[in-house]
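User: I would like to go through the ligand sites of this model with you, one question at a time. Could we begin once the structure is on display?

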Amino acid sequence: MANYESLNYMDFDSLLTDEELMIRQSVRDFVEKEVIPTLKEAHRSEEFPKHLIPRFAEMGLFGANLSGYGLPGIGQVSYGLMMQELERGDSGVRSFCSVQGALVMFPIWAYGSEKQKERYLPKLHSGELIGCFGLTEPDAGSNPGGMLTRAEKVEGGYKLNGNKMWITNGCLSDIAIVWAKLDGRVKGFIVEKGTPGFTTSTMKGKFSLRVSVTSELHFKDCVIPEENILPNADGLKSPLGCLTQARSGIAFGVLGAANACYDVALKYAQQRTIFDGKALSHYQLAQAKLVKMVQEITKGQFLVWQLMKLKERGEMQPHQVSLAKMNNCRAALDIAREARDMLGANGIIDEYPVIRHMMNLETVNTYEGTEDIHRLVIGQQVTGEAAFR
Ligand code: TGC
Ligand code: FAD
């Protein structure tokens, strides 16, 4: 839609610095001019628009909030705004960038050796290398501690056996961050494309996140060199620490999809005439739906702004991330479903982005911890009782 502005109902923008506003505007312009025009076809054909990868890199979208090793080290609010603008285009596009930064660069940055950091981080930032994050397995999704993938110490390295499923960017990747149990303890490994015993396959037929490549990773007696273990990753808390990074970006990002749906629904309601030639927006039921969208987006904005401020101060806790991820994903999904309804039959066609956002948000509400899992994380923090098992 032309003349797009994100919602500013309670003057949220006044909380943003000039730099944050500038970053938001530059990513917004990029998404408007270069990303959105590719999405209808990418969604129809289930093909990721690979030609955009160098442009994402030029825009500084890979690992922008990490510092050192030539990385920009921008603030967390700026990073969240980047994710928001990307997801205004498509959740799959935001996924591509957030996996690269929060789930591939972050584990190397946080748990890697100096040699690994120097070798991989600059190339991942420049888009010369693309990565994926392999935690989920066919029988271990919400419960990653139940993973079956095993690493065994062999002469000069480690031998991996097992399968990962639902892995974003898997088939596009030059390296995979793979989590496997070594002597019963979760460890992280960097597996390079082309390593004998490592294969990938694309998962087709998704009705959600169709613009994103989702893959299976297979390891059969795959031997990687000693130097490819992440030396400072130890136990389940290491991959979960990466998820904390990614989830905070997602909590901000989904506001982009929600804003896009609200923007379309409002403009549509003002133009669409129904009974007696009056605009849909004249009717109270339609207004109630739009007001609910304004209400939820506005609450979500302040929630993620504060989350990112806690992150900038080094005080952000996983249960706070769970609250923001759970709340904003649910709000965005409900907004997309309501916007779809307001567009009537036009709501189901890809001339408008709403149905695509609605289907995407089903995934976003499931991955990086389902809504139930985040509810249980918060429940555990509030009551002191873990109810997962
Ligand atoms: P639990 O015993 O609670 O914890 C094990 C250890 O981890 C620590 N911990 C965390 N550390 C950092 N960040 C977090 N969010 C953490 N949550 C827990 C915890 O303190 C403990 O440490 P220690 O020192 O005592 O060992 O573990 P559990 O087995 O009971 O599981 C807890 C549960 C269910 C919350 C967790 O496993 C979970 O979050 N499950 C959801 C799995 C999930 O989110 N998977 C996401 C896969 S990646 C993905 O979806 C990418 S989408 C990519 C895209 O954007 O396209
Ligand atoms: P399950 O764990 O089987 O959950 C099924 C249902 O049971 C859910 O409703 C859940 O909330 C509920 N449930 C689970 N545990 C409990 C409980 N204790 N109490 C009550 N209810 C419970 N993973 C990666 O590692 N890397 C990726 O890049 C990645 N990308 C993804 C991309 C897409 C498009 C999708 C769809 C998924 C991706 N995932 C990725 C996997 C994702 O993280 C998992 O799908 C998610 O964690 C849920 O796991 P599951 O699908 O096995 O569901």
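The exchange below takes the two ligand sites in turn.

Analyst: This is a predicted model, in which local features need pLDDT of at least 70 and side-chain atom pairs count only at pLDDT 80 or more, while totals for chains, interfaces and linings use all residues. Residues are numbered from 1 along each chain as its sequence is written, chains are lettered from A and ligands numbered from 1 in the order in which they are written, and side-chain values use heavy atoms, with hydrogens and water left out.

User: How many residues surround ligand 1?

Analyst: A residue is counted as near a molecule if one of its heavy atoms lies within 4 Å of it. The closest to ligand 1 are Ser 95, Ser 142, Arg 247, Glu 368 and Gly 369, and the full number of surrounding residues is 26.

User: Which element gives the largest share of the shell around ligand 1?

Analyst: Helices (H or I, at least four residues) and strands (E, at least two) are DSSP runs, numbered from the N terminus. Two or more residues of the shell around ligand 1 come from each of α4 (91–111), α6 (237–271) and α10. The largest share, 6 residues, comes from α6.

User: What is the distance between an oxygen atom of ligand 1 and a polar backbone atom of Gly 369?

Analyst: A polar contact is a pair of N or O atoms within 3.5 Å. For ligand 1, a side-chain N or O atom of Thr 244 lies 3.0 Å from a nitrogen atom of the ligand, and a polar side-chain atom of Tyr 367 is 3.3 Å from one of its oxygen atoms. For the backbone atom of Gly 369, the distance to a ligand 1 oxygen is 2.8 Å.

User: Which side chain has an N or O atom 2.6 Å from an oxygen atom of ligand 2?

Analyst: A backbone N or O atom of Leu 135 lies 3.0 Å from an oxygen atom of ligand 2, and a polar side-chain atom of Thr 168 is 2.9 Å from a nitrogen atom of this ligand. The side chain with an N or O atom at 2.6 Å from a ligand 2 oxygen is that of Ser 142.

User: Which domains each give at least three residues to the shell around ligand 2?

Analyst: The shell around ligand 2 has 19 residues, the closest being Thr 136, Ser 142, Trp 166, Thr 370 and Asp 372. Domain bounds come from an automatic or database domain assignment. At least three residues are drawn from each of domain 2 (131–228) and domain 3 (237–383).

Key. A polar contact is a pair of N or O atoms within 3.5 Å; within protein, one must be able to donate a hydrogen and the other to accept it, and residues adjacent in sequence count only if both atoms are side-chain atoms.
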